[in-house]
Amino acid sequence: MSDKSDFSSKSIGKIRNIGIIAHIDAGKTTVTERILYFSGKIHRLGEVHEGTATMDYMPEEQERGITITSAVTTCLWNKNTINIIDTPGHVDFTIEVQRSLRVLDGAVGVFCAVGGVEPQSETVWWQSESYKVPKLIFINKMDRLGADFEAVLESITDRLKANILPVQIPDGAGDEFAGVFDLIRLKKLIYDDDQNGEEFKAVNLSEEELVRVSPWREKMCDTLSEFDDDFLERYLSDAIDPEYIESVIRKATLELALVPVFAGSALKNIGIQPLMDAISKYLPSPLEVAQIKGVDPLTGVDKVVEPVVSADFQALVFKIVMDSGRKIVLMRIYSGKIATGDTVKNVTQGAVERIDRLFRMHAGRREKLDVAGVGDIVAVDGLKNSRTGDTLSTSEKTIILEQITLYKPVISLAIEPRNAEESEKLEEVLDKYLQEDPTLNLKTDEDTGQIILSGMGELHLEVALERMRREYGIAPRAGKPQVVYQEVPSVLAEAEEEFDRQVGDEKYYGYVRLSVEPSKRGEGRNVSFEIDTTVWSSECLDTVAEAIEDSLQVGVIKGFTVQDVRVRVLELKKKDTDSTTQGYHFAAGRALKKALIASSPKLMEPIMDIEISVPDDFIGDVIGLLGTKGARIENMLDRHGQKVVQALAPLSRMFGFSTELRSSTQGRAGFIMKFHNFDVLEK
């Protein structure tokens, strides 16, 4: 929107909030670079392999050639404002993808023409499905040796169960890739190498080309006929034109019935402008997606947030960025508008904060705004108390927008400062990183005094340490990565504790009897009071609940958190005037420890999903290697001439696995590992 104060339905209808989602190395950052270049947002093409990609602005991203953090940018195309989030493909940074999908209206799935559907692209796809995000598909790298458009379509259909609609097909593959055929207008798009792909011609098809393209065109029309009865009638009467076809495709895409498919090569600048046209034509505006729901925290009643500028301001914080020591909050606005200098209430934290500055992010740069409104994804300076997942509002009626699900860290390492000066700085830096990244977790080991930093994988923690060195000049000593376990009771157990003590002039008394028992995997912790709560003060009951929650943070085997447990408070006793809240706090904590010890607790460890792609010649070596890691093979299949082994394995046995795999397969195996669940550690 050129006029930032214009928030009419017409202007909101020209906003597209999209994400680029894919497996690592499918080319999504290169696709984004081309979109920015062709829209005039940047004037020089950056390359991932050269470390010059605009969206990979962190030094760690430029060195590794991967996307780590979700970069946000805005560009204009066909009079539409396109807000783009380029999300990571590495499994260690899955939460970045989830946070992005939460605030997007549409997405472009980028698939490699050689690799097809790969493990992380499959994970991200299903995440987007859970959020009901309309999507387009761009099959990239058609210029690569081994590119196979039809095999990728088959892979998408089989593994993603997507109802795809190819609206373009490539002209050749590999070295013979020469452009794309437009099935809607029956044209061939030829790109000029000398013009960086800026110029392309739409030429009529030769008779031979028409013979090649016609079956694809008929299949496209047949698919649309199944979706829309009116289309079938007009198709049979030969009364369809390109604009009508596009209108039906748009309707089917918005209803999640079909996923249009495009083809090209981002590196060779082929197929990008038609993809940009499709984003404008087929993906929804903020007015065309399902209205976001919130919940009244007092009543638990769901409430719908209307996407209109005249309503109260409602926004969701989906990311925190620390920029030169300043906290930048990224938010998606769902209703109303906000201006620089306004005050807002952080409903989640119960704090009132001031909007110091508003701006759009362009990767690492900013563009100042005076006002932002419905549908905008903007950055805010000045919100000191806000964290990822918080709701911001100006409404008198309290509504909390849907929360973003967080992932549990699965790996940790001990870190300690090298000197007293670094100690104070380290604490400050870690606090900033925790605000920025909710998948990082921090605690202090009570026995050693060491700081334990936990995250989603070895790369995740490695990047955090690299950033400390680069951004703040500190290099704490770090131990070897360790697996994060959880503890779980295995049988029902009951315990009681009477705390009766005099400390100085004060008497402390409390009696608590409770039970613990295992619950289903993934249910977390549940505390309930099976007593007459009306005869007890809320302060006393809150104290008992707080003591139980605190004690569940440190288990009785090795001090890991206790999960999948149900705690029932069965009895509380009073003693004249000596009963105190502190007494019940001590009694509850000690009773819980006794009950946990009696419940024959077990350790649960992270179980990982593993997928290995390997030539037939090495399949025996891979199966043997997995056997040494205690892995359980779940499936074996053929894909693109290779064997694919899918297995489950304990994370504790997988350190150094990638090196061993390369050695045993002469470097010819591909390996992806992602978290599956926590389960009981088998002895």
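How many bridges join strand β12 to β24, and which way do the two strands run? Keep that in mind as you open the model, which is a predicted one.

**Stop one: a three-stranded sheet**

Select residues 293-295, which form strand β12, and then add β24. The two strands run antiparallel, and 2 bridges join them. To see one of the contacts, click on G294: its bridge partner in β24 is L401. Now bring β13 into the selection as well, and you have an open sheet of 3 strands in the order β13-β12-β24, paired in antiparallel fashion. Look at the edges, where β13 (302-304) and β24 (400-401) stand. Each has a single partner strand, so one side of each is left without a neighbour in the sheet.

**Stop two: salt bridges**

Next, turn on the side chains. A search of the whole structure finds 29 salt bridges, and this tour visits some of them.

Begin with K268 and D143. Their closest N and O atoms are 3.8 Å apart, and the two residues form a salt bridge. This pair links distant parts of the chain, 125 residues apart. K268 sits in the loop between β11 (259-263) and α10 (272-282), while D143 is in the loop between β5 (135-140) and α6 (149-160). Are these two residues buried or exposed? K268 counts as partly exposed because its relative accessibility is 45%. D143 has a relative accessibility of 17%, so D143 counts as buried.

**Stop three: a strand tied to a helix**

Move on to K188 and select E209 with it. Here the salt bridge has its closest N and O atoms 3.3 Å apart. K188 belongs to strand β9 (residues 187-191) and E209 to helix α7 (residues 207-227), so the salt bridge ties together parts that are 21 residues apart in sequence. Both K188 and E209 are buried.

Keep these two residues selected and add D171 and R212. Together, D171, K188, E209 and R212 are linked in a network of salt bridges.

**Last stop: D376 and R360**

Finally, select D376 and R360, whose side chains meet in a salt bridge at 3.5 Å, N to O. D376 lies in the loop between β21 (371-373) and β22 (377-381), and R360 lies in strand β19 (residues 357-362). The two are 16 residues apart, and the pair links distant parts of the chain. Switch on a surface view here: D376 is buried, with a relative accessible area of 1%, and R360 is buried too, at 4%.

Key
Residues are numbered from 1 along each chain as its sequence is written. This is a predicted model: local features need pLDDT of at least 70, side-chain atom pairs count only at pLDDT 80 or more; totals for chains, interfaces and linings use all residues. Side-chain values use heavy atoms; hydrogens and water are left out. A salt bridge is a side-chain nitrogen of Lys or Arg within 4 Å of a carboxyl oxygen of Asp or Glu. Helices (H or I, at least four residues) and strands (E, at least two) are DSSP runs, numbered from the N terminus. Buried means under 20% relative accessible area, exposed over 50%, partly exposed in between (1.4 Å probe, protein chains only). Two strands pair if DSSP finds at least two bridges between them.
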